Amino acid sequence: MKMKLSFRWYGDTDPVSLKYISQIPGMRSIVSAVYDVKPGEVWPEEALKAMKEQCESNGLVFDVVESIPVHEDIKLGKPDADRLLDVYCENIRRCAKYGVKCVTYNFMPVFDWTRTQLDKEAKDGSTSLVMYWEQMKGLDPLKDDIHLPGLDSSYTQEEVRELISAYGEIGEEGLWKNLERFLKKVIPVAEECGVRMAIHPDDPPYPIFGLPRIITCEENLDRMLSIVDSPANSLCLCTGSLGCAESNDVPKMVEKYAKADRIAFMHIRNVKILEDGSFEERAHLSSCGSLDIYKIVKALADNDFDGYVRPDHGRMIWGETGKPGYGLFDRALGAAYINGLFEACEKEKESN
Ligand SMILES: [Mn+2]
């Protein structure tokens with residue numbers, strides 16, 4: 001298979017071991033990061049070296065980083081942004097030095113992702129992450145204390161309020177301007193060291209709490225990619241994030257960007273959109289959710305996709321406990337399913 005199958009691993013504190021990950025058929029790459037360093041700080045080389053060695057001793061390759069977080073002051077265009085951009089570039093160089101080929105990041109204000117519950121129980125007893133409007137309604141981040149799971153818990157409520165008003169002031173166009181400044185600085189460095197930057201779409205791809213969100217739909221992805229027209233400026237196409245908005249035709253988007261060679265990394269997972277626009281994370285199988293995963297993989301195979309693929313979030317099943325969305329069992333089932341679809345699509349393509 002041309003695609004490179006990968007798995008996210010949170011380092012030594014991850015309840016899932018590298019050994020178990022290596023036992024998943026076809027598993028090649030580890031997706032990780034230096035998680036104990038704050039945004040805006042330089043990553044210690046020893047940590048990258050240790051990660052590389054640990055992966056290699058388990059027969060795996062550490063070549064994808066998820067993520068190097070973008071400091072809020074860069075996204076807000078604060079006076080400190082230039083210094084922080086230098087640090088960002090230094091981290092890309094350091095990752096490249098230890099073999100990293102792809103760096104994921106996002107440009108979402110304040111909240112990395114939004115869910116209202118991490119352990120919603122389905123009829124079969126499995127649990128998964130969900131976002132119910134019912135549970136969001138009435139929450140006003142400028143008045144109430146917000147304790148949503150995607151929020152960096154190191155912020156005080158006062159800081160959250162200040163950030164939200166700062167983003168309100170710059171609005172969508174301000175955020176675009178700061179993204180442009182980021183890309184024009186970072187992409188040439190990535191090109192130089194053979195790294196593809198992969199922007200993760202906003203999750204979900206519409207405004208929450210009135211915060212501007214720009215990496216949301218085909219039109220905006222086109223705009224983002226055209227800011228720097230280079231394969232180093234690519235997408236981490238997360239089917240589950242884009243797929244939360246019914247207006248996004250995800251298989252069509254995959255087809256378009258795979259053909260243009262602007263997808264560096266695929267996050268494959270399924271979501272079920274409910275009647276009121278709420279959504280539930282579901283098993284990877286197409287019939288379990290709203291996305292046609294076969295069509296998505298076929299679009300990749302038809303375009304000889306050779307980038308990274310990982311089964312994104314999974315449910316918690318078979319009594320496993322651990323980090324919500326990041327258990328071993330359901331993500332391994334997802335990996336096996338993805339392998340099967342790729343094998344079928346690639347063999348069919350060869351026989352034609
Ligand atoms: Mn994702």
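This passage describes a sheet, a helix pair and a nonpolar core in a predicted model.

Four strands of the model form an open sheet in the order 5-6-11-10, and the pairing within this sheet is antiparallel. Its edges are formed by strand 5 (117-121) and strand 10 (270-273), each of which pairs on one side only. With direction ignored, neighbouring strands of the sheet are turned against each other by 40 degrees on average.

Strand 5 and strand 6 are joined by three bridges and run antiparallel, and the two strands form a hairpin with five residues between them. Within the turn of this hairpin, Gly 125 has a positive phi of about 90 degrees. On the other side, strand 6 (residues 127-131) is connected to strand 11 (residues 279-282) by two bridges, again with the strands running antiparallel. The register of these pairings can be followed through individual residues: Val 130 in strand 6 stands opposite Gln 117, and Val 130 also stands opposite Glu 280 in strand 11, while Met 131 has Phe 279 of strand 11 as its bridge partner. Strand 6 is mostly covered, with four of its five residues buried.

Among the helices, the packing of helix 9 (residues 250-259) with helix 10 (residues 293-302) was examined, and the axes of this pair come within 8 Å and cross at roughly 10 degrees. Because angles under 35 degrees count as roughly parallel, helix 9 and helix 10 are therefore described as roughly parallel to each other. By class, the contact between helix 9 and helix 10 comprises seven nonpolar residues, two charged residues and no polar residues. The contact is made by Val 250, Pro 251, Val 254, Glu 255 and Ala 258 on the side of helix 9, which meet Lys 295, Ile 296, Ala 299 and Leu 300 on the side of helix 10.

Leu 300 also belongs to the largest nonpolar core, which holds 95 residues and in which Val 103, Val 186, Val 195, Met 197 and Leu 300 touch the most other members. Helix 6 (residues 157-192) gives the most to this core, contributing nine residues. The surroundings of Val 186 illustrate the contacts of one of these residues: when residues up to four places away in sequence are not counted, Val 186 touches Leu 85, Tyr 88, Cys 89, Ile 92 and Met 197. Met 197, a contact of Val 186, is itself listed among the core residues that touch the most other members.

How values were computed
Residues numbered from 1 in each chain as written. Predicted model: local features only at pLDDT ≥ 70, side-chain atom pairs only at ≥ 80, totals over all residues. Core = buried A, V, L, I, M, F, W, Y, C linked by C-beta atoms within 7 Å. Buried ≥ 20, exposed ≤ 12 C-beta atoms within 10 Å, placed from the backbone. Contact = placed C-beta atoms within 7 Å. Axes fitted to C-alpha atoms, helices over the stretch in contact; angles between N-to-C directions. Parallel < 35°, antiparallel > 145°, perpendicular 65-115°, else oblique. Nonpolar A, V, L, I, M, F, W, Y, C, P; charged D, E, K, R; others polar. Pairing = 2+ DSSP bridges.
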